[in-house]
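Colleague: Please show me the chain and its fold. I have some short questions about how the parts fit together.

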Amino acid sequence: MTSDAGNENCIGWAARDPSGFLSPYKFNRRDVGADDVSITITHCGVCYADVAWTRNVQGHSKYPLVPGHEIVGIVQSAGSSVQRFKTGDHIGVGTYVNSCRECDNCEDGLEVQCSKGAVLTFDGIDTDGTVTKGGYSSYIVVHKRYCYKIPENYPLASAAPLLCAGITVWTPMMNHKMNQPGKSLGVIGLGGLGHMAVKFGKSFGLKVTVFSTSLSKKDEALNLLKADNFVISSNNEEMKAMEKSLDFIINTASGDIPFDQYLSLLKSGGVLSLVGFPSEVKFHPASLNLGMKSISGSITGGTKQTQEMLDYCASHEIYPKIEIVSIQYANEALERLIKKDVKYRFVIDIANSLK
């Protein structure tokens, strides 16, 4: 809810109903507390979550809804207890802005897995009872714990997709030790998440195979992203030739896949990791049991790993492939995202288009 009309201090773009149509909207941000950082937003990545929430796909969206959880910008001011950030610093905010800070997961820097539920960056209920509003806006106020240092040498626009797409594939790769040279990685889907998985895999010295339903992705996978192999997943001969060859497969697609067939591609002890949300997970138990294989799930990542990933990308010059658009183009960008018509992440230039 906005408070006194005329006193709104933040400009954003919001959806008012499940049509998901975004238009200008003014609202209030909270005052900066002792532990808070006020951030002038320069860029915000466009994630499929922005589509799902603005269109009430899950049935619990609260309108007006300001999307955006791949946020980067510049520190405008910092509370009296904030020492890690100062005015002018480059800073980022990801998919959550609060958590209980007391449970085992929070203690371990896995705040995204907070036992009481992390507070989402938009459409979440914050500790003061207000509904959070995201990065399609001029500025944001966030507790210092959930902010990240963007290395000064790293372009702000490129940093935005790392805060959701990047960390979403980084987390399971780290958790399953898929940063060891010589291991073999399969990537299902070549969108915003998949292309980052390929980039990380190649940087780690892995042998990377991309699986796609679309032959049009072959040139991009092999020549642009330097994957080692490209397989059309509907081609049974190509799939069969890959049996027992992969240590790890990351499924970035949310469409349904033949789980038994993909599990057959794993070596003994291999892992199929889901970061997308297919409608069901269905497989024969023998597909796991006979090769000591596993299926695991993951979402984004904790604050510790997110900062490590940002630092790694800066030091190894890993950049997402982005298309920069204006806030006025946001509705078209979301429509194109639905059609998978983006290579590979839209980033909104908030600083130069939100007036």
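Modeller: What follows is a set of short questions and answers on this structure.

This is a predicted model, in which local features need pLDDT of at least 70, side-chain atom pairs count only at pLDDT 80 or more, and totals for chains, interfaces and linings use all residues. Residues are numbered from 1 along each chain as its sequence is written, and side-chain values use heavy atoms, with hydrogens and water left out.

Colleague: How many salt bridges are there?

Modeller: A salt bridge is a side-chain nitrogen of Lys or Arg within 4 Å of a carboxyl oxygen of Asp or Glu. Counted by this rule, the salt bridges come to 16.

Colleague: How many residues apart in sequence are the parts that Arg30 and Asp126 tie together?

Modeller: The side chains of Arg30 and Asp126 form a salt bridge, 3.3 Å from N to O. Strands (E, at least two residues) and helices (H or I, at least four) are DSSP runs, numbered from the N terminus. Arg30 sits in the loop between β2 (22-27) and β3 (36-45), and Asp126 in the loop between β7 (119-120) and β8 (139-143), so the tied parts lie apart in sequence by 96 residues.

Colleague: Is Asp126 buried or exposed?

Modeller: Buried means under 20% relative accessible area, exposed over 50%, and partly exposed in between (1.4 Å probe, protein chains only). Arg30 has 33% and is partly exposed. Asp126 has a relative accessible area of 9%, so Asp126 is buried.

Colleague: Which strand holds Lys149, the partner of Asp89?

Modeller: Asp89 forms a salt bridge with Lys149, with the closest N and O atoms 3.6 Å apart. The pair links distant parts of the chain, 60 residues apart: Asp89 is in the loop between β4 (71-78) and β5 (90-93), and Lys149 is in strand β9 (residues 147-149).

Colleague: Is Lys86, which also meets Asp89 in a salt bridge, buried or exposed?

Modeller: The side chains of Lys86 and Asp89 meet at 3.1 Å, N to O. Asp89 is buried, at 9% relative accessible area. Lys86 has 55%, so Lys86 is exposed.

Colleague: Which helix gives the most to the largest nonpolar core?

Modeller: A nonpolar core is a set of buried Ala, Val, Leu, Ile, Met, Phe, Trp, Tyr and Cys residues joined through side-chain atoms within 4.5 Å. The largest one has 88 residues, and Tyr136, Leu185 and Phe200 have the most contacts inside it. The helix that gives the most, with 6 residues, is α4 (residues 165-175).

Colleague: How many residues are in the second core?

Modeller: This core is separate. Val231, Phe259, Leu265 and Leu272 are among its members, and its size is 16 residues.

Colleague: Which strands stand at the edges of the open sheet?

Modeller: Two strands pair if DSSP finds at least two bridges between them. The sheet has 6 strands with parallel pairing, in the order β12-β11-β10-β13-β14-β15. Each edge strand has a single partner, so one side is left without a neighbour in the sheet; these strands are β12 (229-232) and β15 (294-297).

Colleague: Which residue in β14 stands opposite Leu246?

Modeller: Strands β13 (residues 246-251) and β14 (residues 266-274) run parallel and are joined by 5 bridges. Opposite Leu246 in β14 stands Leu266.

Colleague: What angle does α5 make with β10?

Modeller: Axes are lines fitted to C-alpha atoms, for helices over the stretch in contact, and angles run from 0 to 180 degrees between N-to-C directions. Helix α4 lies across β10 (184-188), β13 and β14, at about 155° to β13. Helix α5 (residues 192-203) packs on the sheet, touching β10, β11 (207-212) and β13, and its angle with β10 is about 170°.

Colleague: Which side chain makes a polar contact with that of Ser99?

Modeller: A polar contact is a pair of N or O atoms within 3.5 Å; within protein, one must be able to donate a hydrogen and the other to accept it, and residues adjacent in sequence count only if both atoms are side-chain atoms. Ser99 lies in the loop between β6 (96-98) and α2 (104-107). Ser99 is buried, with a relative accessible area of 7%. At 2.7 Å, its side-chain partner is Tyr146.

Colleague: Which side chain joins that of Gln261 in a polar contact?

Modeller: Gln261 is found in helix α8 (residues 259-263). Gln261 is partly exposed, at 22% relative accessible area. The polar contact is 3.2 Å, and the partner is Asn236.

Conventions. Contact = heavy atoms within 4.5 Å.
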